[in-house]
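The following exercises ask the reader to work through helix packing, strand pairing and local backbone geometry in a structure. Each task is followed by a stepwise solution.

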Amino acid sequence: MIAPESFELDDVDGHASPVNEDVPGDQEEQVAEAAHSCPEQAIVIE
Amino acid sequence: VSIEDGVTTDGDRKKNTYHFDRHTPEYRLQFEKITEEMQSKCPMAWTDTYDGHWVAADSRHVFELARCPVVSNHHDITGETPFKGITIPKASRATVVRGGILEMDEPEHSSYRGALNPYLSPAAIKRWEPFVDEITRAALDEHIASGRIDFVEHLANVVPAVFTLAMMGIELKKWNVYSEPTHASVYTPEHSPEREKINEQHREMGIDLITNMMEIRESPRPGLVNALLQLRIDGEPAPDMEILGNLGLIIGGGFDTTTALTAHALEWLGEHPDERERLSRERATLLHPATEEFLRFFTPAPGDGRTFADDVEVEGQQFKKYERLWLSWAMANRDPSVFDKPNEIMLDRKGNRHFSFGIGVHRCVGSNVARTVFKSMLTAVLDRMPDYVCDPEGAVHYDTIGVIQGMRNLPATFTPSEPLGPGLDETIDKLQRICNEQELARPITERKEPAVID
C-alpha cells in the first residue's frame, strides 16, 4: 500500500477507505501518489 | 434499410481494422512493435481473426470498456445465446462448466465473489505468510547444496500450487496432480502429440477435485471448497457445476500466473545483476514498487475476452449487441500516455496504475495471493542465491502469449550452500499437520491469527 497511514483496508473484502476526510500535511505527498497510482482512478483529492 | 446501407454503416464502424492474432509466435516476438502501431493508429480496432472481434489496445479504451456495464463476462455453455465468456476463440474442446466468477455478470458474480473474499483479502492472506515462506524455503533447500536449480520447475511451479491447495482445503501432497496439467494445458498446442497425455492428467485432476468436493460436503473442513459449498443464493445452494467452475478458476488463476511473473522477474534480474543487487539492498523501499513494475511489464494474464450485451457507444465508437471484444491488459500496460518509457523496467516507478489484475468489478480476486507468493520466492532467492546466473540456452518461454505469458524452464547456477531445513516432502507433511491443527484455511471472519510454523 502506498499510503498506509491514510487508508485502511477492510479485513473481509479488502476494499480501501480513507482513515480521515482531511489529509494531514505530512501525508499529502503519499496520498497524491496513491491517487496517481490507483488503477481504478477511485481516489479524488479535493 | 438496404443491404448496401448496412454494409456501409458497418464498414464505417469498423474502419479501423488491424490483423490481430495474439495466438501466433509473431505476436510474442513483435509485441512492442504491434503495441506501438495499434496505439498510434487504431487503439480501438476491429480484427477479422477468430470470427471477428474488437481489440482495445490502449489504456483509455481498456479502462472504459472494462468498467462498462454493457460489456459482459457471461459464458453461455449451452450455446443458445452468443455469450462466450473470456476466451477468444472459444476453446475447441467441449466446455462443460463456466469459468467461475470470471464468466459471470452481476448480481450472480457478487454472490460468489462475496463467498471467496474473506479467504483472499489482504488481511486473510497476511496470516499465511509464515506458511508460504516455509514452502519456499523447502523448495530452495531441495537444490541449494547442488548449486543448480530450475526456477520454474523447482520453485515457481511448486509454491503457488501448494499454497493454493492449502487455501482450498485440499491435501497438500496432491500438488503435482494439479500443477502439471494446469501448466501443461496452457503451453501445449491443441494438436501436439503430448496433448492426449495432458488431457488424461486433466481428467485425473478433475476427478480429484470432484472427490474433494463430495468429501467436504459430507464432512466439512475449512477452505475455499467449503466456502462455495456453504454458499446460499436466495436460500439455495450453488449448483455443483458452478462450484467446480469456480474451483477451476482458483486453480488456473492461482498456479500459472504467479509462476509466469516469478520466472520472468528472476530472468530479468539475472540479466541485470546491478539492479538485482540494488533491489536486494533497498528492498524495504523497492520491493513493493518493483513487484508492481514486474506485474506491469510482464503482464502474466495478457487480456480477457468479453461480449457486448447490447448496442453501446464508448469513447466515440459504436458497438453492436453480441460483438466480441478483447481487452488487452498487456498492451494497455505499455501505453506511453500513462507510463513514462513504457518498454523499460524501472524498479521504483511511480504512478504505476497497471492493468495486470484487470479493471472494474472483475479485478483479480487473488491479487494478494500473487503478490505475497511472488515476494516470498523473490526475496528468498535474493537472500540464498544472490549470485545466480541463468542459462539462456535452457530458458524456455511459451511459444505464444495468447493466454499466459509464461515460461516452461529457467535453469540457473549459483554458489552452493547448506540447506536450512528438511526438503519438500517432509515439509509438506509438516505443513499439512499445521494446516489441520491450526485450521489455517478458515476465513478471516473466523480466524485472525497468523500461521505458526513449529
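The exercises below concern this predicted model.

**Exercise 1. Packing of α7(B) and α18(B)**

Task: Determine how α7(B) and α18(B) are oriented to each other, and which residues make the contact.

Solution.
Step 1. Helix α7 of chain B covers residues 129–141 and helix α18 of chain B covers residues 424–438. Their axes come within 9 Å and cross at roughly 165°.
Step 2. Angles over 145 degrees count as roughly antiparallel. α7(B) and α18(B) are therefore roughly antiparallel to each other.
Step 3. The crossing of α7(B) past α18(B) is right-handed.
Step 4. On the α7(B) side, the contact residues are Phe131(B), Glu134(B), Ile135(B), Arg137(B), Ala138(B) and Ala139(B). They meet Leu424(B), Thr427(B), Lys430(B), Leu431(B) and Cys435(B) in α18(B).
Step 5. Sorted by class, this contact of α7(B) with α18(B) has seven nonpolar, one polar and three charged residues.

**Exercise 2. Two helices against α13(B)**

Task: Describe the crossings that α5(B) and α9(B) make with α13(B).

Solution.
Step 1. The axes of α5 (residues 108–120) and α13 (residues 240–271), both of chain B, come within 12 Å and cross at roughly 60°. That angle makes α5(B) oblique to α13(B). The crossing of this pair, α5(B) and α13(B), is right-handed.
Step 2. Glu108(B), Tyr112(B) and Leu116(B) of α5(B) meet Glu242(B), Asn246(B) and Ile250(B) of α13(B). By class, the contact of α5(B) with α13(B) comprises three nonpolar, one polar and two charged residues.
Step 3. For α9(B) and α13(B), the axes come within 9 Å and cross at roughly 155°. α9(B) and α13(B) are therefore roughly antiparallel to each other. α9(B) passes α13(B) in a right-handed crossing.
Step 4. From α9(B), the contact draws on Pro160(B), Ala161(B), Thr164(B), Leu165(B) and Met168(B). From α13(B), it draws on Leu247(B), Ile250(B), Ile251(B), Gly254(B), Phe255(B), Thr258(B) and Thr259(B).
Step 5. The residues of the contact of α9(B) with α13(B) divide into eight nonpolar, four polar and no charged.
Step 6. Ile250(B) is listed in the contact with α5(B), and Ile250(B) is listed in the contact with α9(B).

**Exercise 3. Sheets of chain B**

Task: Establish the strand order and the edge strands of the open sheets with three and five strands in chain B.

Solution.
Step 1. The open sheet of three strands has the order β4-β14-β11 in chain B, with antiparallel pairing. Its edge strands are β4 (148–150) and β11 (389–390) of chain B, each pairing on one side only.
Step 2. Three bridges pair β4(B) with β14 (residues 411–413) of chain B in the antiparallel sense. Ile149(B) stands opposite Ala412(B) in β14(B).
Step 3. The open sheet of five strands has the order β1-β2-β10-β7-β3 in chain B, with mixed pairing. Here β1 (44–47) and β3 (71–72) of chain B are the edge strands, each pairing on one side only.
Step 4. β3(B) runs antiparallel to β7 (residues 303–308) of chain B, and two bridges join them. Ser72(B) stands opposite Thr307(B) in β7(B).
Step 5. Helix α4 (residues 59–66) of chain B lies across β1, β2, β3, β7 and β10 of chain B. The helix α4 of chain B runs at about 125° to β10(B).

**Exercise 4. Backbone geometry and a salt bridge**

Task: Locate the cis peptide bonds that join Ile88(B) to Pro89(B) and Glu106(B) to Pro107(B), describe phi of Glu315(B), and place the salt bridge of Asp208(B).

Solution.
Step 1. Most residues other than glycine have a negative phi, and most peptide bonds are trans.
Step 2. Ile88(B) and Pro89(B) are joined by a cis peptide bond, with omega about -5°. Pro89(B) is found in the loop between β3 and α5 of chain B.
Step 3. A cis peptide bond also joins Glu106(B) and Pro107(B), with omega about 0°. Pro107(B) is found in the loop between β3 and α5 of chain B.
Step 4. Glu315(B) has a positive phi, near 50°. Glu315(B) lies in the loop between β8 (312–314) and β9 (317–319) of chain B.
Step 5. Asp208(B) forms a salt bridge with Lys174(B), whose closest N and O atoms are 2.8 Å apart. The pair links distant parts of the chain, 34 residues apart. Asp208(B) is in helix α11 of chain B, and Lys174(B) is in the loop between α9 and α10 of chain B.

Methods:
Residues numbered from 1 in each chain as written. Chains lettered and ligands numbered in written order. Predicted model: local features only at pLDDT ≥ 70, side-chain atom pairs only at ≥ 80, totals over all residues. Heavy atoms only, no water. Axes fitted to C-alpha atoms, helices over the stretch in contact; angles between N-to-C directions. Helix = DSSP H or I, 4+ residues; strand = E, 2+ residues; numbered from the N terminus. Parallel < 35°, antiparallel > 145°, perpendicular 65-115°, else oblique. Left-handed = near helix turned anticlockwise from the far one by under 90°. Contact = heavy atoms within 4.5 Å. Nonpolar A, V, L, I, M, F, W, Y, C, P; charged D, E, K, R; others polar. Pairing = 2+ DSSP bridges. Salt bridge = Lys/Arg side-chain N within 4 Å of Asp/Glu carboxyl O.
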